[in-house]
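Student: Can we go through this one together? I'd like to start with the packing and move on to the charges.

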Protein chains: 2
Amino acid sequence: MKVRRSGRLVDMTSYLLDHPRHLVSLTFFAERYGAAKSSISEDLGIIKQTFEEQGIGSLYTIPGAAGGVQFIPHASEKEAHRVIGELLELLSMSDRLLPGGYLYLNDILGNPRIVNKIGRLFASVFAERKIDVVMTVATKGIPIAYAVASYLGVPVVIVRRDSKVTEGSTVSINYVSGSTKRIQNMVLARRSLAEGSHVLIVDDFMKAGGTINGMISLLEEFKATVAGIGVLVEAEDTDERLVDEYISLIRLSEVNVKEKQIKVEEGNYFQFIKPLQIEED
Amino acid sequence: MKVRRSGRLVDMTSYLLDHPRHLVSLTFFAERYGAAKSSISEDLGIIKQTFEEQGIGSLYTIPGAAGGVQFIPHASEKEAHRVIGELLELLSMSDRLLPGGYLYLNDILGNPRIVNKIGRLFASVFAERKIDVVMTVATKGIPIAYAVASYLGVPVVIVRRDSKVTEGSTVSINYVSGSTKRIQNMVLARRSLAEGSHVLIVDDFMKAGGTINGMISLLEEFKATVAGIGVLVEAEDTDERLVDEYISLIRLSEVNVKEKQIKVEEGNYFQFIKPLQIEED
């Protein structure tokens, strides 16, 4: 079936958005639309320009017989400011402070559109690192992990605090919670993670970082390495943060439990972003 | 900034895919691209035709001053056969049977691309029902719930089996597990769900249906109603299924624990699908 340029642009856009970071050969598109490869190249030029202008990301063309085109999602700095601004506004609305200095985040984490935006920011800032899989701990971090993984085109593994019958054999570790100093348990299905994987750890909230530290210990059991750490909200400065290098979107700068007031500000995200740099031949 | 048709088609496609079921006014697009509304209408005609031909979904135009255009994601029957076929193939690969007749699904549920396809199928079959929110129980159902909710443009609420400090006040119920007959506990944050909501319940696996039945009881506490029930895999026939009306993608038709063999087949999904019917003026 021969498809005209206008139809091709719509379908290629949809296809590329649906397959981030996958190498798609020009032949695939040429056959899909009954079009010449030269026309497909022109189409891709238009899509690339629009994606870059609108802050959607970019297309990366790999020449040669084994080559093709790859869509790299990327949020611009402007878009990141907009999303983080929206989050700050949501976080400062209504009473979110819960006992123990935790924040009520269910409404934000329950909104797939906001979660997808969060995922796009993390995918952008970690775009140039080698990442095989995104890891989080149940439950709150799961939607963020899927959103990031979706934009990075990699799978998700979920660490649990209890072992469930439906996971098969598991690897379990003990770790010390940073804030409560209690010994806790963390479990990952043996089959879930290949040895030597490069793992991006994400979570919704980090206080001292005990949970994330636990995930790092768990990775050692799988001979896997930490490719990066991303948290939506980091709690206000603590003397004894257990995790050194992480990227946060939001920082809780002030917690007044008595008045039930909080102050939030931008996290360290903007220290890490840079424009998408892809070298092309 | 004036944007040409080719650029508009790319950006409008991306925008609409990103905002399923949201009513977008033609004025919004006209201003975004510095284009006449008549040109935008033509663009939308091209996008609608391509979306329908490629099985992405359709566009629904609401005329008048308060009108606009709405993208309704919809998987065709052909696409549904392809996705369910892919799932059947994945499920019959390697040894998935776990003690208790459960299936190992982590690899499938850990793949965002597969999960998104599953979400699109459920969003298609429930497309014409009034749904305010998608509900699931932690942990395995969460990615499916987000995928469905994302295509339906609604939020997710997550029921837990334990009460966590970070949720505020909660409503808790007891229910009887259908297969083990044990009394279990289920908790939902009070703030999570508005009274009177129409709720789509989804989960990864249903045996007798005790967990889903528990969620239905929980909904009564919130004066909410069940808009539908979707499960990825239903276990083989049980005499005492606690849930009557549900839609499943996959059915476990035979479990041989001794030989560690399973047989899987299509669920009841195809009894419920119909072509996307949208009346237009």
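Tutor: We'll take the packing, the salt bridges and the domains in turn, keeping in mind that this is a predicted model.

Student: How many residues are in the largest nonpolar core?

Tutor: It has 103 residues. L249(A), Y269(A) and L249(B) have the most contacts inside it.

Student: What does L249(B) touch, leaving out residues up to four places away in sequence?

Tutor: Among them are I84(B), L87(B), I118(B), L121(B) and F122(B). V231(B), L232(B) and Y269(B) are also on the list. So are E265(B), E266(B) and G267(B).

Student: Next, helix α7 of chain B. Is it mostly covered or mostly open?

Tutor: Mostly covered. The helix spans residues 142–152, and 10 of its 11 residues are buried. The buried ones include I142(B), P143(B), I144(B), Y146(B), V148(B), Y151(B) and L152(B).

Student: What happens just after α7(B)?

Tutor: G153(B) follows, with a positive phi of about 70°.

Student: Switching to S58(B). Where is it?

Tutor: S58(B) sits in strand β1 of chain B, residues 57–62.

Student: Buried or exposed?

Tutor: Buried, because its relative accessibility is 5%.

Student: And what does the side chain of S58(B) make a polar contact with?

Tutor: The side chain of E52(B), at 2.5 Å. There is also a longer-range pairing to look at. The C-alpha atoms of S58(B) and I72(B) are 5.4 Å apart, while 14 residues separate the two along the chain.

Student: Charges now. How many salt bridges over all chains?

Tutor: The count is 26.

Student: Give me one in chain A.

Tutor: E79(A) pairs with R120(A), with 3.7 Å between the closest N and O atoms. This pair links distant parts of the chain: E79(A) is in helix α4 (residues 77–92), R120(A) is in helix α6 (residues 112–125), and they are 41 residues apart. Both E79(A) and R120(A) are buried.

Student: What about E79(B) and R120(B)?

Tutor: Their side chains form a salt bridge too, 3.7 Å from N to O. E79(B) belongs to helix α4 of chain B and R120(B) to helix α6 of chain B, so the bridge ties together parts 41 residues apart in sequence.

Student: Why do you call E79(B) buried?

Tutor: Because its relative accessibility is 14%, and the cut-off for buried is under 20%. R120(B) is buried as well, with a relative accessible area of 12%.

Student: Got one with an exposed partner?

Tutor: Try D132(B) and K130(B), whose side chains meet at 3.0 Å, N to O. D132(B) counts as partly exposed because its relative accessibility is 27%. K130(B) counts as exposed, at 53%.

Student: Which residues do shared salt-bridge partners join into one network?

Tutor: R5(A), R8(A), E42(A) and D43(A).

Student: Last topic, domains. What does the assignment give for chain A?

Tutor: Domain 1 covers 5–73 and domain 2 covers 77–271. The C-alpha centres of these two domains of chain A lie 33 Å apart.

Student: How many residues are in contact between them?

Tutor: 6 residues of domain 1 of chain A contact 7 residues of domain 2 of chain A.

Student: And the buried area?

Tutor: About 550 Å² between the two domains of chain A, with 43% of it on carbon and sulfur atoms. On the domain 1 side, P20(A), R21(A) and P73(A) lose the most area, together 75% of what that side buries.

Student: What polar pairs and salt bridges cross that interface?

Tutor: There are 3 residue pairs in polar contact between domain 1 and domain 2 of chain A. The salt-bridge count across the interface is 0.

Technical notes. Residues are numbered from 1 along each chain as its sequence is written. Chains are lettered from A and ligands numbered from 1 in the order in which they are written. This is a predicted model: local features need pLDDT of at least 70, side-chain atom pairs count only at pLDDT 80 or more; totals for chains, interfaces and linings use all residues. Side-chain values use heavy atoms; hydrogens and water are left out. Buried means under 20% relative accessible area, exposed over 50%, partly exposed in between (1.4 Å probe, protein chains only). Helices (H or I, at least four residues) and strands (E, at least two) are DSSP runs, numbered from the N terminus. A nonpolar core is a set of buried Ala, Val, Leu, Ile, Met, Phe, Trp, Tyr and Cys residues joined through side-chain atoms within 4.5 Å. Contact means heavy atoms within 4.5 Å. A polar contact is a pair of N or O atoms within 3.5 Å; within protein, one must be able to donate a hydrogen and the other to accept it, and residues adjacent in sequence count only if both atoms are side-chain atoms. A salt bridge is a side-chain nitrogen of Lys or Arg within 4 Å of a carboxyl oxygen of Asp or Glu. Domain bounds come from an automatic or database domain assignment. Buried area is the accessible area (1.4 Å probe) that two parts lose on being put together, summed over both.
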